[in-house]
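Reader: Please choose one part of this model and look at it closely, then follow the argument outward from there. I would like each criterion stated with its cut-offs, so that I can repeat the analysis myself.

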Amino acid sequence: METEKELCFERMPGRCGKHGFSALGGGHVGSRERKPGKGSEMRQSRTFIPTLKESPSDAEIASHRLLVRAGFLRKVAAGIYEFLPLGTRVVQRISRVVREEMNRAGAQEVILPIMQPRELWEESGRWAKYGPEMMRLKDRAERDFGLGPTHEEVVTDLVRSNLSSWRDLPLNLYQIGTKFRDEIRPRFGLLRGREFIMKDAYSFDRDEAGMQRSYRDMYDAYARIFTRCGCTWRAVEAATGLIGGDVSHEFMVPAAVGEDLIAYCGDCDYAANLELAEYRRAEPACGEGKPASKVHTPEKRTIEEVSGYLGLDPERFVKCLMLLVEGRPVAVLVPGDREANESKLERVLGTVEFRLFNEDDWRRFPQYLQGFVGPVGIEVAEVIADASLRGAGGLACGANDKDYHLVDVEEGRDFKPHRFADVTSAREGDACPRCGGSLHVEAGIEVGQVFQLGLKYSEAMHCTYDDEHGNTKPMYMGCYGIGITRLMAAVVEQHHDERGIIWPVEIAPASLHILPLDYQREGRRAAAENLYRSCLEKGLEVLLDDREESAGVKFADADLIGIPYRAVIGKAFDEDGLVELQVRATGERERMSAKRLLSRLADLGVRIRHEA
RNA sequence: CGGGGUGUAGCGCAGCUUGGUCAGCGCGCAUGCUUUGGGAGCAUGAGGUCGGCGGUUCAAAUCCGCCCACCCCGACCA
């Protein structure tokens, strides 16, 4: 019956598509005539919101669990999800904020393809470099394609072939679309999916200063976006990884489930991903000038074992890590109580082709005795020491002799690294590299990253322009990403309680949830319908729970779904004709007339929305 | 890719050790009546190739083999 009505409306001239759903909802209520409002219909009885009492067994973290339970999300395969109506609305809300801020910053929206020809990726060198994380496929003519994990190549190609004058720069193009990365291990629901929605933007400038200006504009836009989305966030210096470039910041949402660690200073504004966070080294301990001596340490191999056996602090040890770097052994020296930092090593070594010795490597190079290697007298292609070991004395280390260690070793006297570098991770309490203050370490979810790419892609792909003097120059590029769906999960991580989600108003699937209890009671029902209709006419996003469910069910679902404000029509209505406004976040309740409720919401900062 | 775990109704699970009244429970769903300020009650009912293939056996959800999917830890990483 409804289908017929819908079809019928579609065929009626002069009706635009966006009211199709209104017509459907309106038809359901009865024959009352009404003008279509600005807001879109959302009657719970007619909206696909399959809530679950129990948590799905594969959901571990709050955001995943709650988004599935509240009917926003369903899984299709590992790391691949369907967004149900409520989930889709949230994606649209976030996208709207992103669009507004991107447009305000002067960027222009485009739509770029997800399937991209191999040739473009050959040009940038990333067809070979990207590895199996890029999903590759062939079309019927056996041509190679990749599903875009990111869009530098395509957008660079677009710009180089259609723009060549300095007058047309700067330019900033962005899109909001689906990305695919064949993650080695998808996990945590939306936080690390394979298919996800991302906003990516690319700026093109005439020179470095222009690029820096574009970068700053994007950085500021990001700050506004994350704040509007209700996040607590922190921008940190970041590594550039596969995207490339020199300067980069990540936008992190602090959360225990975050996969990144960040260090930030309690006293100044220094903040960086732990992958590159620096710290100020303390003055190295010096020895008492005693000559190095050999001590018997039978079967003591780990720092823990040897330090316990010799009664020396682990920090007085030199941990000698054996690395296989492009097939050659390299020794890396770090203080015994410190962890080597893989991404720092990557930059210091200038390659990603390295690993810690595995069992085979120890067998292949029997001159290195596992558990007893040390810097003194070691024969190896290169010895790299962490900066904190420069000039240190009174050290203990492996003796390169089975069951022996050395003590009273001094750097400079007993061994000399080929070079010193920063190869260890900062940790809680270390000194800030800028101000010497105390560093803190916390986990965070990366929801956005901005890069100054420089000339990496424009030179490789000949993306050039002619300047005012007729000289051909490569464009300076930047790229800027926001994980829309990841942000959605991050917000839930930050905003939920034991009962469900608590959406920030700006990105909530609706602003107001109307809960008429005992819907059959005619007075209540009419009041709910009236309130609903005036909300729609005002353009307020509203969900009406018109189901014949018990009060408990309605409250429980409402808590789970997490719409920020709730209008309960129940007892108070019978007694005084009032509705009760409830605040999801705080549980506050206040009785008022339906009329006042709307102005009250406006006072509370609920934005009246118009259909996009 | 290595290690561990799980696949039984839409969801959550029991049953598997010891093969045979073993196709079960709770929630959800459908119908009817009663209920409606915190996940209601009664009654009736629908729904499952027990992940797939093969094997052992008189007999397999249960034992064996292979495969697949999903989850966790690690390696790895936008």
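Author: Pro117 is partly exposed, with a relative accessible area of 28%; here buried means under 20% relative accessible area, exposed over 50%, and partly exposed in between, with a 1.4 Å probe and protein chains only. This is a predicted model, in which local features need pLDDT of at least 70 and side-chain atom pairs count only at pLDDT 80 or more, whereas totals for chains, interfaces and linings use all residues. Residues are numbered from 1 along each chain as its sequence is written, chains are lettered from A and ligands numbered from 1 in the order in which they are written, and side-chain values use heavy atoms, with hydrogens and water left out.

Pro117 belongs to strand 4 (residues 115-117), where strands (E, at least two residues) and helices (H or I, at least four) are DSSP runs numbered from the N terminus. Setting aside neighbours within four places in sequence, Pro117 is in contact with Asp144 and Phe145, contact being heavy atoms within 4.5 Å. Gly148, 31 residues from Pro117 in sequence, is 9.6 Å from Pro117 in space, C-alpha to C-alpha.

For the wider setting, chain A is divided into domain 1 (21-42 + 510-612), domain 2 (80-227 + 457-491) and domain 3 (293-421), with bounds that come from an automatic or database domain assignment. The centres of domain 2 and domain 3, taken over C-alpha atoms, are separated by 42 Å.

The largest nonpolar core has 57 residues, and those with the most contacts inside it are Leu67, Phe72, Ile94, Tyr222, Leu487, Met488 and Trp503; such a core is a set of buried Ala, Val, Leu, Ile, Met, Phe, Trp, Tyr and Cys residues joined through side-chain atoms within 4.5 Å. Domain 1 and domain 2 each supply at least three residues to this core. Met488 illustrates the packing, for beyond its neighbours within four places in sequence Met488 is in contact with residues including Leu67, Phe72, Phe83, Val90, Ile94 and Trp503. A second, separate core of 25 residues includes Tyr130, Leu169, Leu453 and Cys479.

Phe83, one of the contacts of Met488, also stands in strand 2, opposite Leu73. Strand 1 (residues 73-77) and strand 2 (residues 80-83) run antiparallel and are joined by four bridges, two strands being paired if DSSP finds at least two bridges between them. They form a hairpin with two residues between them, and Gly79 in the turn has a positive phi of about 75°.

The charged pairs add another set of links. The structure holds 56 salt bridges, each a side-chain nitrogen of Lys or Arg within 4 Å of a carboxyl oxygen of Asp or Glu. In one of them Arg43 meets Glu529, with the closest N and O atoms 2.8 Å apart; Arg43 lies in the loop between helix 2 (20-29) and helix 3 (62-69) and Glu529 in helix 14 (residues 522-538), so the pair ties together parts that are 486 residues apart in sequence. Both partners are buried, Arg43 at a relative accessible area of 3% and Glu529 at 1%. Arg524 pairs with Asp574, their closest N and O atoms being 2.6 Å apart, and this bridge links helix 14 to helix 16 (residues 571-576) across 50 residues of sequence. Here Arg524 is buried at 7%, whereas Asp574 is partly exposed at 42%. Salt bridges that share partners also join Glu100, Glu101, Arg104, Arg224, Arg228 and Glu506 into one network.

Helix 9 (residues 303-310) offers a final case, with Ile303, Val306 and Ser307 buried. Seen down the helix axis, these buried residues fall within an arc of 95°, so they line one face of helix 9, the arc being that of the directions from the axis to the C-beta atoms. An α-helix has 3.6 residues a turn, so residues three or four places apart point the same way. The buried residues of helix 9 pack against strand 14 (318-325) and strand 19 (404-409), while the face turned away from that side carries the exposed residues Glu304 and Gly308. Just after helix 9, Gly311 takes a positive phi of about 70°.
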